[in-house]
Amino acid sequence: MILKEFEGKQLLQSAGLLIPKSVLIGRDFAIEDLQEAEQLQFPVYIKAQVFHGNRELQGLIFKVTEFTQLESKISELFGTVDQFGEII
């Protein structure tokens, strides 16, 4: 079974394992959608949800140290192309 990270987390959580808090954001996000993220403890990591590995080496993971950086880093991630030419 091949899963994206968020799907694997959902599966593990449904089996009763404790999973760190995460927020899944789609391409059509709005800054208002990120208000719940203010409750997160920084730094946080923004990760592309792809079916292959090496996300960090491809620049598909961003470390964000404060809430004010979230919107720009998310926008930057959604404009990225992975090693297979797939637009994130």
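1. A good place to start is Glu5, which is partly exposed at a relative accessible area of 23%; here buried means under 20% relative accessible area, exposed over 50% and partly exposed in between, with a 1.4 Å probe and protein chains only. Please keep in mind that this is a predicted model, in which local features need pLDDT of at least 70, side-chain atom pairs count only at pLDDT 80 or more, and totals for chains, interfaces and linings use all residues. Residues are numbered from 1 along each chain as its sequence is written, and side-chain values use heavy atoms, leaving out hydrogens and water.

2. Glu5 forms a salt bridge with Arg55, with the closest N and O atoms 2.7 Å apart. Glu5 sits in helix H1 and Arg55 in the loop between S1 and S2, so this pair ties together parts 50 residues apart in sequence. A salt bridge here is a side-chain nitrogen of Lys or Arg within 4 Å of a carboxyl oxygen of Asp or Glu. Helices (H or I, at least four residues) and strands (E, at least two) are DSSP runs, numbered from the N terminus.

3. Arg55 counts as buried, at 18% relative accessibility.

4. Glu5 also forms a salt bridge with Lys9, the closest N and O atoms being 3.7 Å apart. Both residues lie in H1, 4 residues apart, about one turn of the helix.

5. Over in helix H2, Glu76 and Lys73 meet in a salt bridge (3.6 Å, N to O). Glu76 is partly exposed at 43% relative accessible area. Through shared partners, salt bridges join Glu5, Lys9, Lys47 and Arg55 into one network.
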